[in-house]
Structure formats: C-alpha cells, structure tokens
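Work through the exercises below with the model open. Each task is followed by a stepwise solution.

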Amino acid sequence: TEPEWQTFAERIHYVQTDAGAHDEWGALVDILAGNEDKVRVAYLATAPSLFGAFATGLRHNGLITKSSRIVLEKPVGHDYESAREINDAIGKCFAENQIYRIDHYLGKETVQNLLALRFANSLFEPLWRRGSVDHVQITVAEDLGVGNRVEFYDRIGTLRDMVQNHMLQLVCLVAMEAPASLHHDAVRDEKMKVLRALKPIGADEVRQNTVRAQYLGGAINGKSVPGYLEELGGDGSSTETFVALKLEIENWRWSGVPFYIRSGKRLPRKHSEIVVQFQDVPHSIFTEQEYNVTANRLSILLQPDEGVKLSVMAKEPGPGGFELRPVSLDLSFEETFGVRYPDAYERLLMEVLRGNPALFMRRDEIEAAWRWIDGIAAGWEEARQKVETYVSGSWGPSASSLLLDRDNRSWHPEE
C-alpha cells in the first residue's frame with residue numbers, strides 16, 4: 001500500500017560514486033556515520049573487475065566494521081588466475097568469514113533438502129554409492145536465450161557461466177561424504193574433497209567426454225526465436241550456449257559411476273533436475289519378454305516446481321494377470337507443507353544478515369572449481385573441439401545424446 005511504501009522509501013538512500021575514486025566517497029561516508037553498530041552488507045552485483053576496487057574503497061574510507069559483510073555475485077573471475085587475484089584483493093580488506101560468494105542455486109529449497117534426504121534418512125545413504133547407483137544426471141535447462149546479455153555472454157559462455165558454479169556445486173552436494181556437523185566449514189570441507197577428486201578432462205579426453213554447442217533459430221512455445229549469432233549481430237563466434245559433460249569422481253564411493261551434466265539456453269522448457277539412476281535388480285524373476293521392469297530412479301526437481309520423485313515398480317491392481325508398471329512416489333514441497341517457501345535469493349540474503357556462510361562458496365572451492373574448468377577450456381583449444389549447433393526448442397545437439405548412447409544410457413527427461 002502507499003503508506004507502507006512511503007515508510008519503506010524513507011529508509012532508502014541513493015548515492016552515486018566512482019568505484020575507483022576512493023577520495024570522493026564522502027556522501028556515502030556521511031550516510032553511514034553513526035551506524036557503526038549495525039550490520040553492513042555490501043552487495044556487489046557488478047563486473048568482477050570492480051570487486052577489488054569496491055572493497056579497497058570501503059577500507060580506505062573506514063567503512064568496514066566487525067559486523068560488515070561483502071557479497072560477491074558470480075562469476076568470481078573468468079579463470080583460476082583472475083579468481084585468485086580477486087580473492088587476494090578482497091582478502092586484504094575482509095576476513096574470509098565476512099566474504100559471501102553467492103550462488104542462488106544453493107538457496108533453493110530442494111538443494112537444501114539434499115542434505116536432509118541423504119543424511120537424515122537411513123533408507124538412502126547405504127545405497128548412495130557404487131554398487132547401487134548406475135549413474136547420476138544433472139540438467140539445468142533454460143528456454144530463454146542470452147537476450148541483452150549477449151555481449152557479456154560472448155566473453156563467458158556456458159562452461160564458465162553455469163558449470164563452474166551452479167553445476168559443480170550440485171555435483172558436490174550429491175557426491176559429498178557426510179560432514180561431521182552442519183557447521184559451515186564442515187560442509188564445505190566435504191565439498192572440497194569432491195572437487196579435488198574430479199578427474200581432469202584435458203585435450204585427450206574432451207572429444208569423448210564433452211560437448212559444446214550454440215543455438216540456431218527455431219521455435220519455443222510456438223513462437224519463433226532468433227539464433228545466437230543473430231542476437232550477437234556478428235558473423236561468427238565460438239562461444240558455447242550449451243555444454244554436456246561426463247564426469248568421473250575418483251574416490252571409493254563413486255569409482256566407476258559416471259556423472260552426466262548438461263546446461264543450455266533455448267531448450268524446450270525451463271527445467272532443472274538431479275536424477276539418481278539406480279542399478280537393475282541383480283536377478284529378476286520377471287522376464288523381459290513378459291514384464292517391462294525398469295530400474296528405480298530418484299528425481300530431485302529444482303525448477304520450476306520443487307520436489308522429489310521416487311520411481312518404483314508396482315503391480316497394476318485387478319484380477320486376471322500380473323502386470324507391472326513404474327509408479328512415482330511424489331513429494332511436492334508446496335502441496336505437502338502448504339506454505340510459501342522463500343525465494344533462493346531471499347533465503348541467502350537472510351543468511352548473510354545472520355552471519356551464516358554455510359550456503360556460500362569458500363575461497364578454496366572457487367579456485368578448485370576454476371582449476372578444473374580451465375583444464376576443459378584449454379583442452380577445447382588444444383584439441384580444436386568443434387562447436388556444434390542445435391535448433392532452438394530442441395534438447396541440444398545430437399552429440400549430447402551420443403555422450404550417453406555410447407554407454408547405453410539416455411537423458412532424462414527422454415528426448
């Protein structure tokens with residue numbers, strides 16, 4: 001309402017200043033004067049090249065207190081060296097426990113429930129490993145193109161924009177060992193072990209284990225959409241808008257269990273999902289000729305609807321035969337709990353104010369992820385990995401399907 005807005009608006013101050021001109025921050029200093037006891041959060045949704053300048057300016061003007069926090073939007077750099085330089089610059093001004101490198105996927109309700117699903121239930125954890133799990137899939141699909149971010153995106157690409165942060169964080173949460181507690185360092189220590197165990201993908205492996213592609217024009221939801229090069233307004237670009245990878249985690253729990261991940265723009269619909277595909281039963285009493293028995297599958301839905309589905313085999317009711325079909329045990333968070341759960345950013349910003357960094361990435365996580373990603377980027381360049389194309393509204397290039405076909409597997413949802 002208007003009175004509520006006026007009350008809120010009176011608490012908002014706007015100051016425009018030059019991030020690099022630290023001696024000209026007087027107006028900001030004056031506004032904050034006398035509020036040293038309050039929590040101060042500097043949220044930097046800027047180009048990463050400005051992160052260090054902002055932090056230095058806050059220190060130069062005496063605006064950093066013991067209760068100050070700084071939030072860094074992704075991407076933190078564009079490779080390992082740039083990430084390290086940013087972390088060094090921020091680290092000169094803020095203690096590590098004051099730095100919050102934000103990834104909104106870690107604020108999603110279902111992602112949070114991964115910890116509860118795995119470590120609060122005796123049902124799943126004994127099976128969450130080689131010997132029971134056949135493979136894991138993670139899909140983050142968007143139906144939108146790059147839009148007005150095209151110039152920025154052309155310098156970054158999907159590998160750096162999505163895989164380095166969102167996708168690898170999901171891999172870590174699925175694959176990590178049980179932490180000693182929910183303390184933020186205990187959780188992040190286990191995630192680091194996964195990043196260290198990722199098998200490098202270099203020039204010799206990129207053709208077999210990676211796919212990179214760029215969308216052409218097509219149709220989504222019945223509407224014609226332009227191709228990437230049309231949006232860019234250029235004659236050519238090798239920037240990928242789609243990436244599919246086959247990952248291997250070299251430890252006892254996951255040895256021999258592939259992780260397939262894919263992310264792309266201009267796919268048929270907005271859809272993010274983690275699929276844990278279990279192995280077939282060791283000996284089936286139901287013959288393939290008579291019964292269509294499929295292996296159990298756990299689907300963790302991240303967007304647009306959040307929930308968990310477990311596919312199990314069941315007998316169809318009724319006399320006159322023994323027919324089997326897969327049925328789904330569903331948990332929809334919205335239907336089950338009947339409450340509006342907070343937006344991912346809403347949750348994360350509340351955690352910043354509370355001073356809880358558990359849902360944010362630590363410096364060593366960022367840098368370890370970049371080291372692994374840099375190996376793929378260098379491998380693409382050395383091997384001259386082709387940038388495939390795919391029609392907007394499809395599930396990506398045929399090479400993405402072949403990535404799993406070679407292992408007698410297929411993507412879910414079925415293409």
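**Cis peptide bonds**

Pro75 sits in the loop that runs between S2 and helix H4 (80–91). The model is a predicted one.

**Exercise 1.** Find the peptide bond from Lys74 to Pro75 and state whether it is cis or trans. Then do likewise for Gln303 and Pro304.

*Solution.*
- Step 1. Read omega for the bond from Lys74 to Pro75: it is near -5°, and the bond is cis.
- Step 2. Go to Pro304, in the loop between strand S11 (297–303) and strand S12 (307–315).
- Step 3. Omega between Gln303 and Pro304 is about 5°, again a cis peptide bond.
- Step 4. Set this against the general rule: most peptide bonds are trans.

**Exercise 2.** Determine the sign of phi at Arg384 and at Asn408. Decide whether Arg384 is buried or exposed, and classify Asn408 too.

*Solution.*
- Step 1. Locate Arg384 in the loop between helix H12 (363–383) and strand S14 (388–391).
- Step 2. Its phi is near 55°, a positive value in a residue other than glycine.
- Step 3. The cut-off for exposed is over 50% relative accessible area. Arg384 has 73%, so Arg384 is exposed.
- Step 4. Move to Asn408, in the segment after helix H13 (398–405). Asn408 is not a glycine either, yet its phi is positive, about 60°.
- Step 5. Relative accessibility of Asn408 is 77%, so Asn408 is exposed.
- Step 6. The general background: most residues other than glycine have a negative phi.

**Exercise 3.** Describe the largest pocket: its volume, its central residues and the make-up of its lining.

*Solution.*
- Step 1. The volume of the largest pocket is about 1200 Å³.
- Step 2. The lining counts 30 residues, and Leu28, Leu32, Arg40, Val41 and Ala42 are the closest to the pocket centre.
- Step 3. Assign elements. Helix H2 (26–32), strand S1 (40–44), helix H3 (51–60), strand S2 (68–72) and helix H11 (344–354) each contribute at least two lining residues. S1 gives the most, with five.
- Step 4. Sort by class: 21 nonpolar, five polar and four charged residues.

**Exercise 4.** Which residues form the nonpolar surface patch, and which element gives the most to the patch?

*Solution.*
- Step 1. The members are Val39, Val41, Tyr43, Leu349, Met350 and Leu353, with about 450 Å² of accessible area together.
- Step 2. S1 and H11 each supply at least two of them. H11 gives the most, with three.
- Step 3. Place Val39 in the loop between H2 and S1. Its relative accessible area is 40%, so Val39 counts as partly exposed.

Conventions
Residues numbered from 1 in each chain as written. Predicted model: local features only at pLDDT ≥ 70, side-chain atom pairs only at ≥ 80, totals over all residues. Heavy atoms only, no water. 1 Å grid on protein atoms, 1.4 Å probe; cavity = no way out; pocket = protein on both sides within 12 Å on 5 of 7 lines; lining within 4 Å. Points joined across faces, edges and corners; volume = space filled by probe spheres on them. Helix = DSSP H or I, 4+ residues; strand = E, 2+ residues; numbered from the N terminus. Nonpolar A, V, L, I, M, F, W, Y, C, P; charged D, E, K, R; others polar. Patch = residues over 30% accessible without salt bridge, like charges linked within 9 Å, V, L, I, M, F, W, Y side chains within 5 Å. Areas by Shrake-Rupley, 256 points an atom, 1.4 Å probe, with all protein chains shown as cover. Salt bridge = Lys/Arg side-chain N within 4 Å of Asp/Glu carboxyl O. Buried < 20%, exposed > 50% of the residue type's maximum accessible area, 1.4 Å probe, protein only.
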